[in-house]
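Colleague: I should be grateful for a close look at a single part of this model, the side of one chain that touches the other. Please then set that part in its surroundings.

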Amino acid sequence: MLIDEAVRFLSQVPPFQFLEGPLLRELAQSLTMAFHPKGEVILQQDGPISEHLQIILKGGVKITLRPEGGGEEVVVDYRERGETFGLVSLMGGHQRTTIVAVQDTTSYLLPKARFNELVHSHPAITEYLLQFHLTKYADMTSREIQGKSLFLESSDHLLFTAQVGEICQQFTTIVEADTTIRQTARRMVEERQSAALVVGPSGEPIGILTDSDFRARVVAAGQPVDGPVSQVMSHPVVSVDEKDPCFEVVLKMLQCDIDHVAVTREGAIRGVVTNHDFLVLQGRSPLAFSEDIEHQTTLEGLAPVSRKAMSIIGVLLREGARATNIIRIISELNDRVVRKVLEFAERECGPPPVPYCWLALGSEGRKEQTFRTDQDNALIYADVSEVQRAKVAEYFRRFTVYLRNGLVQCGFEACPANYMASNPDWCQPISAWKRYFSTWISEPTPEAVLKSLIFFDFRPLHGDETLAWDLREHFGRLIPDYPVFLGFLANMLVRNRPPLGFFGSVAVERSGEHKDGLNLKIKAVAPLVDIARLFALEKGIQQVSTMDRLEALRGGTSLISDLVDELEYAFEFVTLLRVHHQYRQLEAGQPIDNFIRLDGLSNLERQSLKKAFRLILKVQDQVMDRYKSFII
Amino acid sequence: MGLRAWTRGKLGWGGSGADLPIQELRFTVLDTEWTGLDPRRDDIISIGALHMQGSRIELGNTFQELVKPRAILDGRTVVIHGITPSELETRPTIDEVLASFTDFVAGTVLVGHCLSLDLGFLNRDARRSRRVPFRNAAVDTLSLFGWLRRRSLEHRAFTLELPAPSLFDLAAAFEIPVEESHSAIGDAYVTAQLFQRFLPLLQQAGVGSLSGLRRVGDPRRQLANLAASDGHTHF
């Protein structure tokens, strides 16, 4: 009974929750339970070392440090239910802090000897406890979320944990380049394969031929079957290593628009993996959606496919995908829908009179949309002569209105703030766009900066990309000359302080519709996005995705270069929380929002969230220091 | 030295031997359940106990036994304990259980809520089985409560209007979680946590060793302590 209670508790508390049931039970046998009344000094700095790891069951403790050589005592941390203390002295042989119960506190004590055994048998436990890296945190968090995935019973393979080698057909038809088409077909029939790999003289894959290629390139094209297979094969072959995660292979197939890839082991051919394999693996593949989208020839056909694509998120979540991968796939699918509508618009309105470039803005630009929210887009077209101006403007007016309406039909709502190309302000020739950016950067006002942020995250999605690069170069040159602009960004960033309360607790909405809720988008996602943007613009980095921006800052001279790992994992974590939250709402038929309830989170999730907030605070403090002359 | 003599020496039974500080004491916190309240007629049907080393409760070292009673259970007891007669039919007799329980409590101070009742049954059965009665030092949490309340300590639990608080009244007052279904081991666990909360308060009041603990926690003094603290008696 006492043991059951302890096991129940530990199985909800990291890192113990990652231990197998029998081990947890055995561990519980060695526990004792202590009570520390409020005010008790449990461990004293420079006093006797802890003989136990203490796991707080109820209450909370304060950890303080008296600096060497005197000075005022500083509070290092607060720990509460589910958190531990006593570790450092247990491992380091010296009690460096003072630990006082700030409430009546009950804790489980894990004896030193048992703890040492655990450390040897499960090194991850120490790693977790030491919390040197947020890295492990985020990984375990996503694993945890995956484990308790509410949505579906998951007996099927995991797309995101399986390696492609596990699902690839072990055997495949291999032919040489001069084999005839007929012989190749015979071999495939005999060997019951849907594809044949064509290899070069040294056995390296040079091409691939699939059932559908026979249909399209041989039969339909009237190709003589005595010719060499190299005439009709697809090439080059995209190959992946057998150890690559399935997810990456799917993404590669999406990006290259192919449905077969060769799988290699240390460079040598092992087999072929097809879109079909993934369909079998997970029921419904992102690739299948992408194909559905590609096959549509009318807006009426596209709309339902596009709306249905949202269901893919459920599949991805169930597979335990990393949040940042999920949003990349969503972006990839959304991009395809937008390009398709652009294609229809060009058909509808006639060919564009001058080159143009379609821009995705804001979260769409950063490829960080979770669920389809609203449209954020703009259009740049090439400069035109005075004479042509009215005519060209009229073309793009019709064109962008078609786009807006078409995208609404496909499930992308119109932007309430009218950040859409159909707004004439945001459908301009390149010279006008350059003027906009010049004004924003050289004469910033708080309001203008806030409004312009979405444009600094633009991404060319279709059309003449040189227009977009031209614009990016233009403002990239301006920024170093106007430090006041970055000052404004910094100012905005530090004003959105994380809601961390005194006891290290997270403050929530006190009243209203979202009582006890925390706005994850505003309080957690936005600050991380703003941090990445500020430092990317500061260093003239071209990337727009938050993860890409952070990656580009890694190892550099930026203020946050050393914090890249932690920022990436914090971003990964809050994104995952948000995606999960919204998906649950979607499943329950509720309106989608960004308010999460803290009491619905596990200990680990709460701790990770607090870690993210502490990290944001830390960066904000550094930003304040660096930009202090601009901070109002 | 026999077990009895050793126990006596170690635990200061009979007023002799070393007076150990509380943190060095080993405790057995126990609870027993009976077919009824009459020691002449009723039987023990379950014993639950656990060890504490000083103020720490040991999770992995508990004693729980259901006991086959001499007489058939009547319906009343089934309602109270949720134990059915057939459940007890296959259990060991009190004689067998006492043998292992004696080993379990050897060298420890006994702790219980209204402990004299439990000890009354246990020692009656020990005598019937021709065993040595339990002569361990004994501390009653109800006596401790009464004594602490008389010292009017600041804990708000002592201001409650509870003339003769049950274990569960006290558990609620000291915010100790209690499980729905009661069992001897479950109640012993609650008692242990109550005792655990009393220890720092006792320390504060100058009670830090076995002799002090025995003085203020004497099972025979529970009524006296409570009555004195109330200023009037309900008994």
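Modeller: The account below begins with the contact between the chains and then turns to the parts around it.

The model is a predicted one. Between the two chains, 14 residues of chain B are in contact with 15 residues of chain A. On the side of chain B that touches chain A, two elements give two or more residues each, namely strand E3 (56–66) and H8 of chain B. By character, the residues on this side of chain B divide into 6 nonpolar, 5 polar and 3 charged.

The strand E3(B) also takes part in pairing between the chains. Strand E1 of chain A, residues 32–36, is joined to E3(B) by 2 bridges, and the two strands run antiparallel. Within E3(B), B:Ile57 is the residue that stands opposite A:Met33. In general, strands of a sheet pair through backbone hydrogen bonds, in either the parallel or the antiparallel sense.

The other element, H8 of chain B, spans residues 184–204 and packs against helix H6 (residues 141–150) of chain B. Their axes are 10 Å apart and the angle of packing is about 35 degrees; the crossing is left-handed. From H6(B), the contact is made by B:Thr141, B:Leu144 and B:Leu148, while H8(B) contributes B:Thr191, B:Leu194, B:Phe195, B:Phe198 and B:Leu201. The residues of this helix contact comprise 6 nonpolar and 2 polar, with no charged residue. H8(B) is thus named twice in this account, once for the side of chain B that touches chain A and once for its packing with H6(B).

Chain A, the partner, has a secondary structure of 25 helices and 20 strands. Of its 632 residues, 41% count as buried. Among contacts in chain A between residues at least 6 apart in sequence, 72% join residues at least 24 apart.

One sheet of chain A may be described in detail. This open sheet of 3 strands has the order E9-E10-E11, with mixed pairing. Its edge strands, each pairing on one side only, are E9 (173–176) and E11 (205–210) of chain A. Neighbouring strands of the sheet are turned by 30 degrees against each other on average, direction ignored. E9(A) pairs with strand E10 (residues 195–199) of chain A in the parallel sense over 4 bridges, and A:Glu176 stands opposite A:Val199 in E10(A). Across E9, E10 and E11 of chain A lies helix H8 (residues 181–190) of chain A, which runs at about 165 degrees to E9(A).

Technical notes. Residues numbered from 1 in each chain as written. Chains lettered and ligands numbered in written order. Predicted model: local features only at pLDDT ≥ 70, side-chain atom pairs only at ≥ 80, totals over all residues. Axes fitted to C-alpha atoms, helices over the stretch in contact; angles between N-to-C directions. Left-handed = near helix turned anticlockwise from the far one by under 90°. Contact = placed C-beta atoms within 7 Å. Nonpolar A, V, L, I, M, F, W, Y, C, P; charged D, E, K, R; others polar. Pairing = 2+ DSSP bridges. Buried ≥ 20, exposed ≤ 12 C-beta atoms within 10 Å, placed from the backbone.
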